[in-house]
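Please look through the model shown here, and then follow the explanation from its domains to the surroundings of its ligand.

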Amino acid sequence: MIQVERVTFRYREGTEPILRDVSLRIPAGSFVGVTGAAGSGKSTLTYLMNGIVPHCYPGDFYGTVRVAGLDTCDTALTDLARVVGSVCQDIDSQMVAAVVEDELLFGLESFAVPHDQVEGRIEGALADMGIADLRHRAIASLSGGQRQKVAIAAILALRPRVLVLDEPTAELDPASSRTVFQLLAGYARRHGATVVAVEQKIALLAEFADRIVVMEEGRVHFDDEPAAVLAHADELLSVGVNCPRSCTVMNRLRQRGAYEGPTCRTPEQAASALREVLS
Ligand SMILES: Nc1ncnc2c1ncn2[C@@H]1O[C@H](COP(=O)(O)OP(=O)(O)OP(=O)(O)O)[C@@H](O)[C@H]1O
């Protein structure tokens with residue numbers, strides 16, 4: 001469980017708070033997507049959960065954050081890292097090794113994972129991400145998308161109870177982005193882990209997340225199930241979030257009384273609803 005209670009935070013170098021009175025309760029085992037316009041505070045929200053704020057970026061911090069019962073302000077980053085696995089927006093800054101296999105090995109050794117489990121964890125995480133063939137490649141020789149998959153594999157190998165990812169598909173094509181979300185949802189289900197993913201592509205969140213949090217100027221604008229959030233396409237647009245076109249079309253039809261079914265989360269649902277409307 002992640003509990004963010006009435007957090008207001010201003011970076012030491014900043015003049016204004018970046019998060020304003022933010023409260024969230026994320027149950028263990030759930031998959032939560034965070035979206036919002038650029039600069040709305042999404043990354044800073046993830047920093048609350050992995051302890052980067054306030055440990056690496058200090059400032060004025062009001063409120064409390066607890067992750068799996070640990071108060072992030074009172075818990076050392078090294079202890080938080082055993083519970084929370086993070087994939088940052090700038091993945092190159094989190095890579096420590098020169099070769100893919102060593103990147104995974106480094107984390108496993110740092111966490112003192114028993115020797116007889118190491119090979120299975122490396123093989124499993126690389127296979128899950130579909131990059132078993134990159135195992136012996138130099139990280140510097142990989143594309144941005146491949147490096148992103150390595151960063152995620154290195155965290156998955158550690159099997160954290162909480163996974164916080166900041167735009168994990170930024171460098172990926174649509175098919176790979178979907179694969180990554182499928183995998184994250186599967187990881188949450190299999191391990192009862194909590195996953196929080198910042199993502200611009202709301203269609204991915206609509207399909208895979210249990211809840212979507214929409215940030216606006218440091219505040220939580222929506223925190224609800226995907227269908228409930230997507231039902232507000234016009235309001236989302238006003239806070240800088242573009243709904244999938246198929247969803248917007250069905251919302252319009254509902255406003256005009258031509259469609260009475262549930263909000264469509266995927267283009268496939270919209271297509272089938274549209275067929276019914278036209279039949
Ligand atoms: N270390 C820092 N010190 C001072 N200000 C910061 C720091 N990090 C972020 N900010 C400011 O906080 C605001 C919110 O940034 P944040 O990265 O949390 O937003 P975001 O929604 O993730 O944006 P983006 O989608 O562009 O990544 C921005 O105005 C940014 O300049």
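Two residues are said to be in contact if their C-beta atoms, placed from the backbone, lie within 7 Å. This is a predicted model, in which local features need pLDDT of at least 70 and side-chain atom pairs count only at pLDDT 80 or more, while totals for chains, interfaces and linings use all residues. Residues are numbered from 1 along each chain as its sequence is written.

The protein chain is divided into domain 1 (1–83 + 160–233), domain 2 (95–158) and domain 3 (244–279), with bounds that come from an automatic or database domain assignment. Between domain 1 and domain 2, 12 residues of the former are in contact with 11 residues of the latter. On the side of domain 1 that touches domain 2, helix H7 (residues 174–191) gives the most, with five residues; helices here are DSSP runs of H or I with at least four residues, strands are runs of E with at least two, and both are numbered from the N terminus. The centres of these two domains, taken over C-alpha atoms, are separated by 24 Å.

Across the protein chain there are 12 helices and 10 strands, and the C-alpha atoms fill a box of roughly 60 × 45 × 30 Å along the principal axes.

As for the ligand, 13 residues surround it, the closest being Tyr11, Ala38, Lys42, Ser43 and Thr44, where a residue counts as near if its C-beta atom, placed from the backbone, lies within 6 Å. Helix H1 (residues 42–50) gives the most to this shell, with three residues.
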